[in-house]
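Visitor: Please take one part of this model and go through it closely. I would like residue names, distances and angles where they exist.

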Amino acid sequence: HWIGLVFCTICTAFMVELNNTNMLIRVRTRMVGTTLLVLWTSCGFLHPFQTAHFAILCLLICYHALMYIYQQNHNTGTTFFIYACIGGISMIIQPLCILALAFFFVLGYFRALSFKSFLAGLIGFFLPFWLVFSSCFLIDKTDLIIQYVSDYSQWIPFQYHTVNSHHVAAFTLLLLIVIPSVTHFIRNNFQDKIKVRMFFYFILWMELVLTLGIIVLPHHFQEFYLLLVMNSSPLSAHFLTLSNNKFSNYFI
C-alpha cells in the first residue's frame, strides 16, 4: 500500500505539471491533479501496488512528450522515446499493446508523423522486447520466450465473472462524471486554444480505446480502469472548473 501511495503521489505531480505546462484549463487551478487523486483514492482495489502503476506512470510521460512534439514531424527522438515507453507497458500488461496503434493515429492527428518518425516508433516499441528476449536467449531461458508469445494467443474476451460489485460501482461513478464532461467540452471547446483543443480530442479518443478494453477484456479491468481514471482527469477537471450552472453546482 505504501508503494502504491508513492506512485499515486508521483502521478498526481505529473498531472499537475502537465496542466501547468500546457494550460489545459483556461484558469489557474489544481483541479486536474485533484481529480486524479480523488478518483484514484476512492477505489480501494487500486491502492495495493500492482503492475498497472508502472503503466499509468509511463503513459503520463508519453502524454508530456506528445504535447512537446505537437506539429513537429521531424522529432524522431521523442517519438522513439514515446514508443519505448509503450513497448515497456506492453511487456508488463500485454493487452496494452493496442496503445501503439492509438498513438500512431494521434501522431498523425497532431501532424507529428512522418516516415522517419514512424520507423522510430516501430524501433522504440520493439526495443524492450528485443532486450528482454535477447537476455533470455543469453541465459538459455528460451522457454520463457515461447511461453510469453503463447500468452498473446490466449486472450479470451468477455470474461465478466472476474468483475465484482466494487468494479461496477467505480466504473458507473466514472461514467456519471465523464458523460457530462464530454458534453460540456463539445459545447464549449471553441474557447480553448487549438493545441489544447486537439489534446482534449486525443483524450476523447483514448477514452473510447480504454473503455473498449474494459468491455472486451474485463479480466484486465484494474489495468484499463486505472489508465481510464488518469485519462478522464483532465476532461473532468475541465468540466468541474469551467462550468457554472445549477446542474454542475448540484453535480459537484
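Guide: What follows is a close look at helix H6, and then at the rings, the surface patch and the salt bridge elsewhere in the chain. The model is a predicted one.

Helix H6 covers residues 115-138. For its 24 residues, a rise of 1.5 Å a residue gives an expected span of 34 Å, and the end C-alpha atoms lie 33 Å apart, which agrees. The helix is nevertheless kinked: a bend of about 35° lies at Leu127, shortly before the proline Pro128. Pro128 itself is buried. Other buried residues of H6 include Ser117, Ala120, Gly121, Gly124 and Cys136.

Two further buried residues of this helix are Phe125 and Phe129. Across the structure there are 25 aromatic pairs. Phe125 and Phe129 make one of them, with 5.6 Å from centre to centre and 45° between the planes, a tilted arrangement. The two residues are 4 apart in H6, so about one helical turn separates them.

A pair in helix H9 can be set beside this one. The ring centres of Phe199 and Phe202 are 5.8 Å apart and their planes stand at 50°, so this pair is tilted. Here the spacing along the helix is 3 residues, about one turn. Phe199 and Phe202 are both buried. They also belong to a cluster linked by ring pairs, whose members include Tyr63, Tyr70, Phe103, Tyr109, Phe110, Phe185, Phe200 and Tyr201.

Tyr109 leads from that cluster to the surface. This residue is placed in helix H5 and has 34% relative accessibility, so it counts as partly exposed. Besides its place in the ring cluster, Tyr109 is part of a nonpolar surface patch. Tyr201 is likewise in the cluster and in the patch. The patch also contains Phe105, Phe158, Tyr160, Trp205, Leu208, Leu212, Ile215 and Val216, and its residues together have about 920 Å² of accessible area. Helix H5 (98-109) and helix H9 (194-216) each supply at least two of its residues. H9 gives the most, with 6 residues.

Charged contacts are a short topic. A search of the whole structure finds 1 salt bridge. It joins the side chains of Asp192 and Arg26, at 2.8 Å from N to O. The partners are 166 residues apart and lie in distant parts of the chain: Asp192 is in the loop between helix H8 (165-188) and H9, while Arg26 is in the loop between helix H1 (2-22) and helix H2 (31-41). Their accessibility can be given separately. Asp192 has 6% relative accessibility and therefore counts as buried, whereas Arg26, at 33%, counts as partly exposed.

One last residue is Ile82, found in helix H4 (residues 76-92). Ile82 has a relative accessible area of 0%, so it is buried. Its C-alpha atom is separated by 19 Å from that of Asn19, a residue 63 positions away along the chain.

To return to the starting point, H6 has a kink of about 35° at Leu127, and its end C-alpha atoms are 33 Å apart against an expected 34 Å.

Note on methods
Residues numbered from 1 in each chain as written. Predicted model: local features only at pLDDT ≥ 70, side-chain atom pairs only at ≥ 80, totals over all residues. Heavy atoms only, no water. Patch = residues over 30% accessible without salt bridge, like charges linked within 9 Å, V, L, I, M, F, W, Y side chains within 5 Å. Areas by Shrake-Rupley, 256 points an atom, 1.4 Å probe, with all protein chains shown as cover. Salt bridge = Lys/Arg side-chain N within 4 Å of Asp/Glu carboxyl O. Buried < 20%, exposed > 50% of the residue type's maximum accessible area, 1.4 Å probe, protein only. Phe/Tyr/Trp six-rings, centres within 6.5 Å; stacked < 30°, edge-to-face > 60°. Expected span 1.5 Å × (residues − 1). Bend = angle between axes of the 7 residues up to and from the residue.
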